[in-house]
Amino acid sequence: MTVKPERLGSNPFPPEFYAAFYRNAPASVLDTAGYSVLWKPHNMHCAPLAKSNGSGETLLDWYLRQPGIPAEAYAVKGRKPEEKGLLHRLDFATAGLVLLAKTQNAFDFLQRAQDAGRFRKGYLAFCDFYPQQAVFSSPLLPPEGGQGRQTEEPFCIRSRFRTFGPGGREVRPVFAWMHTRKACTGKEYETEIRSRTFSADGKYAAVRCFLRAGFRHQVRAHLAFCGFPISGDPLYNPLAAAGEYLQLFAVSLEFPDPEGGTRYFSLPPQDKTNR
C-alpha cells in the first residue's frame, strides 16, 4: 500500500533557534596563517563542478577574490585542480562550515589527518517525523513520554551507498542485512547520532550528528531512511514544500592544527531547545 504523504504543519521550533544559521552570504569565520574556516550559505556550490553548468559563483570563487588572500592560496594543489585548498565539500543545499587550506604545507598536513580519520564534523538537522519511510525499527523514534524532551543516548547508523534515480541524483543506503546486486561503495560510512530533541507534539526533531568520513548526501539519506527526513529536502522528504531551504547545517569542525594541538570550532546555539 502506498501512503500518501501529508504536510504535518509548520516546524514548531522558534525562529531564534535558526537565527544564527540564516546568513544568506558567504563569510570567513576563522582565519589563520595556514587555513580559513568559511561559512557556506544554502544553494551555493563549494567549488566549480567538473562539468560546468553555469550555476553561479562558488564559495571558492568568493574566497579567492577577497582582499588580502596570499598568493600561495591560488597555487595550492588539492584533491582536484578545481578545488584548490578545500579539505571537504558540502552539498549545494546544505549550509555550514567548510575548511580551506591557504598553503600547500597546511593542505598536505590536514589532508593526511583527514585520511587518518582525525577530522570530526558536526551537523544539526531539523527533521520531520515520517515513519512510513523507515526501512528498519529506528532508534531515532521518540521514547515513550519523550515528546518535547531531549535524549542523549548515542548510536551509529552505518551503511554502504549506491546511486539512485535519473542521473544518479540521489543515493540509497545499503545496510549490512540488505542483499543487492547493484553496484555500491565498498566502504561503509558512519553517521554518529549524539542527541535528538523532539517537539512537543512528537512530529519533529532536532538531531545532532557527527561524521569522520562523509559520502554524498550521507546525513540526508541516513536520517530519511530512519523515518526522520530533513525538513525542506526535495530529494528525500516527501513532506517537503517547494521553496523551503534544506534544514541541514554543518555547525562544528574538530581537526589537528598544523601549528600543534587540536582545533575545535562550533557555531551557537549549542543547548537551546523548544521548551
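# Group meeting talk: strands, loops and a pocket

Let's begin with one pair of residues: Asp-31 stands opposite Ser-36, which belongs to strand β2. Hi everyone, and before I go on, please keep in mind that the model we are looking at is predicted.

So where does that pair sit? Strand β1 covers residues 27-31 and strand β2 covers residues 35-40, and four bridges join the two. They run antiparallel, and a hairpin of three residues takes the chain from β1 to β2.

Let me step back for the overall picture. The protein contains five helices and 11 strands. There are 275 residues, and buried ones make up 50% of them. Now look at contacts with a separation of 6 or more: 68% of those in the protein come from residues 24 or more positions apart. As for the surface, about 13,500 Å² is exposed, and carbon and sulfur atoms supply 51% of that.

Next, a second hairpin. Please find strand β6, residues 155-164, and its partner β7. These two pair in the antiparallel sense, with five bridges. Five residues lie between them in the hairpin, and Gly-165 in the turn has a positive phi of about 85°.

Here is a question for you: how many of the five residues of strand β7 are buried? Five of the five, for residues 170-174, so this strand is largely enclosed by the rest of the structure. The side chains go two ways: Glu-170, Arg-172 and Val-174 point one way from β7, while Val-171 and Pro-173 point the other way. Both sets are buried.

Now for a residue across from that strand. Phe-164 belongs to β6 and stands opposite Glu-170 in β7. Is Phe-164 buried or partly exposed? Its relative accessibility is 31%, so Phe-164 counts as partly exposed. Buried would need a value under 20%. Setting aside residues up to four places away in sequence, Phe-164 touches Arg-169, Glu-170, Val-171 and Arg-172.

Let's move to the loop between α3, residues 71-75, and β3, residues 95-101, where we find Gly-78. Gly-78 has a relative accessible area of 22%, so it is partly exposed. Which residues does Gly-78 contact, leaving aside its neighbours within four places in sequence? They are Lys-84 and Phe-107. Gly-78 can also be placed relative to Gln-111: these two are 33 residues apart along the chain, and their C-alpha atoms are separated by 8.9 Å.

Lys-84 is in the loop between α3 and β3 as well. Its relative accessible area is 25%, so Lys-84 is partly exposed. Look at its backbone, too: phi of Lys-84 is near 50°, a positive value in a residue other than glycine.

Another such residue is His-217, with a positive phi of about 65° although it is not a glycine. His-217 lies in the loop between β9, residues 204-211, and α5. With a relative accessibility of 9%, His-217 counts as buried.

One more loop before the pocket. Pro-258 sits between β10, residues 248-256, and β11, residues 262-266. At 29% relative accessibility, Pro-258 is partly exposed. How far apart in space are Pro-258 and Phe-107, C-alpha to C-alpha? The distance is 9.1 Å, although they are 151 residues apart in sequence. Not counting residues up to four places away in sequence, Pro-258 touches Tyr-35, Ala-106, Phe-109 and Leu-110. Tyr-35 takes us back to where we started, as β2 covers residues 35-40.

Finally, the pocket. Rolling a probe the size of a water molecule over the atoms shows where empty space is left. In this model, the largest pocket holds about 1,200 Å³ of space. Its lining has 43 residues, and those nearest its centre are Arg-89, Leu-90, Asp-91, Phe-215 and Arg-216. Which elements supply at least two residues each of this lining? Among them are α4, residues 104-115, β4, residues 120-128, and α5, residues 218-224. By class, the lining has 18 nonpolar, 11 polar and 14 charged residues.

To wrap up, I'd keep two pictures: strand β7 with five of its five residues buried, and the largest pocket with its 43 lining residues. Thanks for listening!

Technical notes. Residues are numbered from 1 along each chain as its sequence is written. This is a predicted model: local features need pLDDT of at least 70, side-chain atom pairs count only at pLDDT 80 or more; totals for chains, interfaces and linings use all residues. Side-chain values use heavy atoms; hydrogens and water are left out. Buried means under 20% relative accessible area, exposed over 50%, partly exposed in between (1.4 Å probe, protein chains only). Two strands pair if DSSP finds at least two bridges between them. Contact means heavy atoms within 4.5 Å. Accessible areas come from the Shrake-Rupley method with a 1.4 Å probe; for residues, only the protein chains shown count as cover. On a 1 Å grid over the protein atoms alone, a cavity is a set of points where a 1.4 Å probe fits but cannot get out, and a pocket is an open set with protein on both sides within 12 Å along at least five of seven lines; lining residues have an atom within 4 Å of a point. Grid points are joined across faces, edges and corners, and a volume is the space filled by probe spheres set on the points. Ala, Val, Leu, Ile, Met, Phe, Trp, Tyr, Cys and Pro count as nonpolar, Asp, Glu, Lys and Arg as charged, and the others, Gly among them, as polar.
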